[in-house]
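Dear colleague,

I am passing on a structure that you have not worked with before, together with notes on what was found in it. Please keep the sequence and the coordinates open beside this message while you read.

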Protein chains: 2
Amino acid sequence: MADLILTTFDWVPDMPRGYVRDLRVRWALEEAGLPYRVESVPFRGRDSAHFTHQPFGQVPWLTDGDISLFESGAILLHLGERSDALMPRDPRGRAEVVEWVFAALNSVEMASLPWSLLAFSGLKGGTPEWKVLDDFVSIRLRHLEPVLAAREWLAGAFSIADILMADVLRLLERFDRLTEHPACRAYITRATERPAFMKAHADQMAHFAAADR
Amino acid sequence: MADLILTTFDWVPDMPRGYVRDLRVRWALEEAGLPYRVESVPFRGRDSAHFTHQPFGQVPWLTDGDISLFESGAILLHLGERSDALMPRDPRGRAEVVEWVFAALNSVEMASLPWSLLAFSGLKGGTPEWKVLDDFVSIRLRHLEPVLAAREWLAGAFSIADILMADVLRLLERFDRLTEHPACRAYITRATERPAFMKAHADQMAHFAAADR
């Protein structure tokens, strides 16, 4: 089996630490018990080699033999195909995981991340612009809440869909947006109490802390 | 082969016509030449059966035998596995398509759709909130433009990644956001001149127009 190499930044400011998207990949790799190593690229001064692997100048990307993959969703699907711990083999179970992978990224995060950009910029408030984005988040959470109240994990057993959805919701929780959504909060707790999350999170924090020295 | 059934709304207001996400599925089905039929659910008065298929109360969903799939990205990946016209078979080519599928939905649309919500609400303007979202779109387009200037399609041959990226960009074009991005505009033109797009678009328009009578 070819070495799996996860590439992330060498350093990031304090604010995004614990939330950089290499966390999703680390978490999946830990759940699956797949061996991997971590490499770094400069946060400041992204060169053309960086853009060859990640055309938007972001992280992470994963190399697996002669395949180099960017986008956390694409990387997790790729890993899901390598481990039953991340995605079932049967077509119906697999389809259910894949639809929730996209729901996390294209239904929930498409609302929550722009909302978080405003919250992070100190623009949380009563403006019409804020209301449009806040309503967008509300409508998603209103439908997600009963789903998460009724099941432990999104697609039967724990899967890559839960890694993505829990990580997406973590950012809303950070900005106190889930106070009226107890099932979403309980789901985050279930997910982040998993040893694979805790190791992935600690490893990311240690990786960036090492660069401060 | 089981019948493929695409479900969309029975009617929508004028504004979203031509942009409802069943278009992406129709387009892929037309490219692949896969037979399908279209069913409708009420736009007004979404019942519990609707939420069973689509937990966020949206459209489309696709049924393929005993599999029912929501999320346009998940549906297109499913169809991609059924046709070489939509996604190559070799692992490396497939990985390239999958990463661009996620790039369209989680890097570009995550910026462009919230921006469009503000534009649609008449909130295009000089506020700090608008600037955060407009900058988010700018940074994505700045990196996408040279990619699309250098290649005809995102992942070698035309694929489901192009269906998604072109459809995402169409909404920015509608609000005149691509005037400084000629490669993005030329790419939309290449994509929407394809007979499969033209048929899918005409079929969607006819479907909703029929409900007006």
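A:L4 has A:D64 as its bridge partner in β3(A), and this pair belongs to the antiparallel pairing of β1(A) with β3(A), which extends over four bridges. Please bear in mind throughout that this is a predicted model.

A:D64 also has a bridge partner on the other strand, namely A:I67 in β4(A). Strand β3 of chain A, residues 61-64, is joined to β4(A) by four bridges, and these two strands run antiparallel. A:W61, for its part, stands opposite A:F70 in β4(A). The hairpin formed by β3(A) and β4(A) has two residues between the strands, and in this hairpin A:G65 adopts a positive phi near 65°.

Taken as a whole, the sheet of chain A is an open one of four strands in the order β2-β1-β3-β4, with mixed pairing. The edges are occupied by β2 (36-41) and β4 (67-70) of chain A, each of which has a single partner strand, so that one side of each is left without a neighbour in the sheet. From one strand to the next the twist averages 25°. Helix α1 of chain A, residues 22-32, packs on this sheet and touches β1 (4-9), β2 and β3 of chain A, while its direction makes about 155° with that of β1(A).

As background, strands of a sheet pair through backbone hydrogen bonds, either parallel or antiparallel. The antiparallel case has been described above for chain A, and the parallel one can be followed in chain B, where strand β1 (residues 4-9) pairs with β2(B) in the parallel sense over six bridges. Within that pairing, B:T8 has B:S40 as its bridge partner in β2(B). The sheet of chain B is again described by four strands in the order β2-β1-β3-β4, open and with mixed pairing. Its edge strands are β2 (36-41) and β4 of chain B, and because each has a single partner strand, one side of each lacks a neighbour in the sheet.

Turning to the fold of chain A as a whole, its secondary structure comes to eight helices and four strands, and these follow the pattern β-α-β-α-β-β-α-α-α-α-α-α when read along the sequence. The radius of gyration of chain A is 17 Å, close to the 17 Å that the globule rule gives for 213 residues, so chain A is as compact as a globular protein of that length. Its C-alpha trace spans about 45 × 45 × 30 Å along the principal axes. Of the 213 residues in chain A, 44% are buried. Among the contacts in chain A with a separation of 6 or more, 72% are accounted for by residues 24 or more positions apart.

Where do the two chains meet, and what does each contribute to the contact? The contact takes 40 residues from chain A and 40 residues from chain B. On the side of chain B that touches chain A, β4 (67-70), α3 (72-80), α4 (91-120) and α5 (128-150) of chain B each supply at least two residues, and the largest share, 16 residues, comes from α4(B). The residues of that side divide into 25 nonpolar, eight polar and seven charged.

The relation between the copies can be stated as follows: a turn of 180° and a shift of 0.0 Å along the axis lay chain B on chain A with an RMSD of 0.0 Å. The two copies are thus related as by a two-fold rotation axis. In chain B, the C-alpha nearest the axis belongs to B:M110, and it lies 2.3 Å from the axis. The same surface serves both copies, in that 100% of the contact residues of chain B recur in chain A.

One residue may be worth locating in the viewer, namely B:L154, which is found in the loop between α5 and α6 (160-174) of chain B. B:L154 counts as buried because it has 26 C-beta neighbours inside 10 Å, where the cut-off for a buried residue is 20 or more. Leaving aside residues up to four places away in sequence, B:L154 touches B:W100, B:A161, B:D162 and B:M165. B:I188 is 34 residues apart from B:L154 along the chain, and the C-alpha atoms of the two are separated by 12 Å.

With kind regards

Definitions and conventions: Residues numbered from 1 in each chain as written. Chains lettered and ligands numbered in written order. Predicted model: local features only at pLDDT ≥ 70, side-chain atom pairs only at ≥ 80, totals over all residues. Pairing = 2+ DSSP bridges. Axes fitted to C-alpha atoms, helices over the stretch in contact; angles between N-to-C directions. Contact = placed C-beta atoms within 7 Å. Rg over C-alpha atoms; globule rule 2.2 N^0.38 Å. Buried ≥ 20, exposed ≤ 12 C-beta atoms within 10 Å, placed from the backbone. Nonpolar A, V, L, I, M, F, W, Y, C, P; charged D, E, K, R; others polar. Least-squares fit on C-alpha atoms with pLDDT ≥ 70 in both.
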